[in-house]
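Student: Could you take me through one part of this structure up close? I'd like to see how a single spot fits in with what surrounds it.

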Amino acid sequence: MRELIDADRLPGQPHCTPEKLAAARRGLVPPAGWAVPTWPRISVLADAEDNPRGIIGYLSWTDVHTGLICWVHAREEPPALRALLSHALADLAPCPQTDAFVGAPPGPLGPGGLPRTRRGATHDALLQSGFTGRRQGCYLHCALPAEAPPTKLVADVFPCDFPPGHRLIIREAAEPVAEALVSVGTDRTATVYWIETEHTRRHCGLGRKLLGQALALLAEQGATEVALVVDDASQPCPDSQAAHRLFEAFGFTLVDQLWTYQHRRPRVPRTAA
């Protein structure tokens with residue numbers, strides 16, 4: 001199963017380990033206000049010789065009647081992808097709505113959304129299964145130098161338990177004005193979970209200083225490459241362009257656009273008594 005998952009691995013993603021796969025089986029942290037979901041259902045598609053051809057993970061929330069396809073991997077083979085999606089939708093039939101590839105930070109099971117170009121067969125299989133898709137952002141990757149260049153320490157650094165990593169905060173007059181959260185994972189890969197500057201303090205160079213210190217910290221901790229997701233589909237255009245210019249200045253390059261999908265079942269009209 002891990003070989004199927006790693007076949008779709010993007011630059012900067014850690015390899016799928018037994019521990020990471022076991023963690024995925026334990027479920028996702030539900031959005032605020034939602035009930036804890038049932039255990040994820042993981043289904044494997046095998047051929048006549050019992051060799052795995054594909055794997056899909058999905059779950060549902062009973063209190064909101066919503067299904068979620070977390071990930072699907074089948075080496076981009078259209079028949080296997082369609083069979084896996086059909087199986088999951090049949091199992092999620094009580095849910096009037098099913099989402100797929102909802103945005104999340106990069107991890108060993110996927111980059112958050114679906115890489116639209118690199119996984120074109122999965123995109124097509126989702127549309128053929130009745131899903132509608134939309135672009136939600138993009139996946140960026142950067143190789144870190146062996147030795148981090150000297151950088152000015154402008155942020156306070158604190159350990160973070162969830163996700164495990166470090167939080168960097170720049171303060172002015174004791175008030176936080178810029179913040180980043182970064183983490184080093186397996187395979188010497190790292191993730192920038194987010195970087196944000198207070199709206200009134202943007203375009204003052206704080207983001208550049210903060211990102212520089214964050215990348216230096218990751219390099220000191222042994223990371224050789226770092227990935228991040230830019231949710232530019234929901235950002236105003238000027239802010240989106242500024243974010244891309246910032247990341248490009250530090251050597252980040254676009255790997256792929258990320259898409260998310262939704263499937264709605266038609267309502268069955270009620271018949272009069």
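**A buried pair and its surroundings**

Tutor: Let's start with two charged residues: Glu 76 and Arg 119 are both buried. Before we go on, keep in mind that this is a predicted model. Now, what do the side chains of Glu 76 and Arg 119 form where they meet? They form a salt bridge, with N to O at 3.4 Å. Glu 76 sits in the loop between strand 3 (66–73) and helix 3, while Arg 119 sits in the loop between strand 5 and helix 4 (120–128), so this pair ties together parts that are 43 residues apart in sequence.

Stay with Glu 76 for a moment. Its side chain also counts as making a polar contact with the side chain of Arg 119, again at 3.4 Å. On top of that, the side chain of Glu 76 reaches the backbone nitrogen of Gly 120, also at 3.4 Å. If you set aside the neighbours within four places in sequence, Glu 76 touches Asp 8, Leu 81, Arg 118, Arg 119, Gly 120, Ala 121 and Thr 122. Asp 8 is worth picking out of that list, since salt bridges link Asp 8, Glu 76 and Arg 119 in a network.

Next, look at Pro 115, which belongs to strand 5 (residues 114–115). Is Pro 115 buried or exposed? Its relative accessibility is 2%, and the cut-off for buried is under 20%, so Pro 115 counts as buried. Leaving out residues up to four places away in sequence, Pro 115 is in touch with Leu 10, Asp 256, Gln 257 and Leu 258. You can also check a distance here: Phe 101 is 14 residues from Pro 115 in sequence, and their C-alpha atoms are 9.7 Å apart.

Back to salt bridges, then. How many does the structure hold? There are 7. One of them joins Asp 91 to Arg 41, with the closest N and O atoms 3.5 Å apart. Asp 91 is in helix 3 (residues 78–91) and Arg 41 is in strand 1 (residues 41–46), so this salt bridge ties together parts that are 50 residues apart in sequence. What about exposure? Asp 91 has 35% relative accessibility, so it counts as partly exposed. Arg 41 comes out at 25%, so it counts as partly exposed too.

A further salt bridge runs between Arg 171 and Asp 156, where the closest N and O atoms are 3.6 Å apart. Arg 171 is in strand 8 (residues 165–172) and Asp 156 is in strand 7 (residues 156–160), so the pair ties together parts that are 15 residues apart in sequence. Arg 171 is partly exposed, with a relative accessible area of 38%. Asp 156 is also partly exposed, at 38% relative accessibility.

Since Arg 171 has brought us to strand 8, let's follow the chain onwards. Strand 8 pairs with strand 9 in the antiparallel sense, over 7 bridges. Which residue of strand 9 stands opposite Leu 168? That's Ala 180. The hairpin of strand 8 and strand 9 has 2 residues between the strands, and in this hairpin Ala 173 takes a positive phi near 55 degrees.

Strand 9 has a partner in strand 10 as well: the two run antiparallel and are joined by 7 bridges. Here Ala 180 turns up again, with Ile 195 in strand 10 as its bridge partner. So if you find Ala 180 in the picture, you can look from there to Leu 168 and to Ile 195. Strand 9 and strand 10 make a hairpin too, with 4 residues between them, and Asp 187 in the turn has a positive phi of about 60 degrees. Arg 188 is in the loop between strand 9 (175–184) and strand 10 (189–197). Arg 188 has a positive phi as well, about 60 degrees, although it isn't a glycine.

One last stop with that kind of backbone angle is Asp 50, a residue other than glycine whose phi is positive, near 70 degrees. Asp 50 lies in the loop between strand 1 and strand 2 (52–61). With a relative accessible area of 62%, Asp 50 is exposed, whereas Glu 76 and Arg 119, where we began, are both buried.

Terms used: Residues numbered from 1 in each chain as written. Predicted model: local features only at pLDDT ≥ 70, side-chain atom pairs only at ≥ 80, totals over all residues. Heavy atoms only, no water. Buried < 20%, exposed > 50% of the residue type's maximum accessible area, 1.4 Å probe, protein only. Contact = heavy atoms within 4.5 Å. Salt bridge = Lys/Arg side-chain N within 4 Å of Asp/Glu carboxyl O. Pairing = 2+ DSSP bridges. Polar contact = N/O pair within 3.5 Å; in protein donor to acceptor, adjacent residues only side chain to side chain.
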